[in-house]
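This briefing covers strand pairing, side-chain burial and surface charge. Please look over the sequence and the structure before reading on.

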Amino acid sequence: MSDLKYSKEHTWVRVDGNIATLGFTKYASNQLNEVTEVEVPQVGALIDQDRQIGNIASPMAVIDFYSPIAGELVEVNQAVVDDPELINQDAYGEGWLVKIKFSDSSAVNALLSEQQYSEYLKTVKFYIVKPGSQAI
């Protein structure tokens with residue numbers, strides 16, 4: 001999706017003015033197979049760049065969700081919290097997670113393009129760690 005930017009932590013970002021919509025990439029959701037739970041902060045939370053802001057869970061693992069930008073959380077997609085499978089069904093549409101109001105666009109500008117993210121995926125392995133087990 002050409003209007004998206006990506007982080008190496010498998011977060012996608014769509015910018016509209018000074019509001020960034022964040023979600024979990026299709027690649028990452030496919031690795032989890034079935035998303036069963038989503039945890040994100042409440043509206044009003046101050047978000048630090050490159051910090052964990054939530055979790056995405058499946059029967060296989062719990063993956064940390066990171067924000068590649070800093071700002072104030074202004075909206076949570078309650079539909080995804082209530083029905084986490086939306087991430088698997090429509091990761092780049094109805095499956096978005098949060099919206100963050102930001103003031104510094106340098107972090108957005110530093111994110112990967114679709115092509116760069118695609119190239120990055122060729123070099124990385126996605127490791128899922130089950131509780132009490134080794135990475136697979």
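In which sense do strand β6 and β7 pair, and over how many bridges? Strand β6 (residues 51–57) pairs with β7 in the antiparallel sense, and six bridges hold the pairing. The model is a predicted one.

**The β6–β7 hairpin**
- β6 and β7 make up a hairpin, and four residues lie between them.
- Ala57 has Val62 in β7 as its bridge partner.
- Side chains alternate along strand β7 (residues 62–67).
- On one face of β7 are Ile63, Phe65 and Ser67, which are buried. Val62, Asp64 and Tyr66 point to the other face and are not buried.
- As a general point, side chains in a regular strand alternate between the two faces of the sheet.

**The six-stranded sheet**
- Six strands form an open sheet in the order β1-β2-β3-β9-β8-β5, and the pairing is antiparallel.
- β1 (5–6) and β5 (46–47) are the edge strands, each pairing on one side only.
- Within this sheet, strand β2 (residues 11–16) and strand β3 (residues 19–24) run antiparallel and are joined by six bridges.
- Val13 is placed opposite Leu22 in β3.

**The negative patch**
- Glu34, Asp82, Asp83 and Glu85 form a negative patch on the surface.
- Glu34 sits in the loop that lies between α1 (26–32) and β4 (37–39).
- With a relative accessible area of 36%, Glu34 is partly exposed. Patch residues need over 30% relative accessible area, so Glu34 at 36% meets that cut-off.

Technical notes: Residues numbered from 1 in each chain as written. Predicted model: local features only at pLDDT ≥ 70, side-chain atom pairs only at ≥ 80, totals over all residues. Heavy atoms only, no water. Pairing = 2+ DSSP bridges. Helix = DSSP H or I, 4+ residues; strand = E, 2+ residues; numbered from the N terminus. Buried < 20%, exposed > 50% of the residue type's maximum accessible area, 1.4 Å probe, protein only. Patch = residues over 30% accessible without salt bridge, like charges linked within 9 Å, V, L, I, M, F, W, Y side chains within 5 Å. Areas by Shrake-Rupley, 256 points an atom, 1.4 Å probe, with all protein chains shown as cover. Salt bridge = Lys/Arg side-chain N within 4 Å of Asp/Glu carboxyl O. Lys, Arg positive; Asp, Glu negative; His and termini not counted. Charge placed at Lys NZ, Arg CZ, Asp CG, Glu CD.
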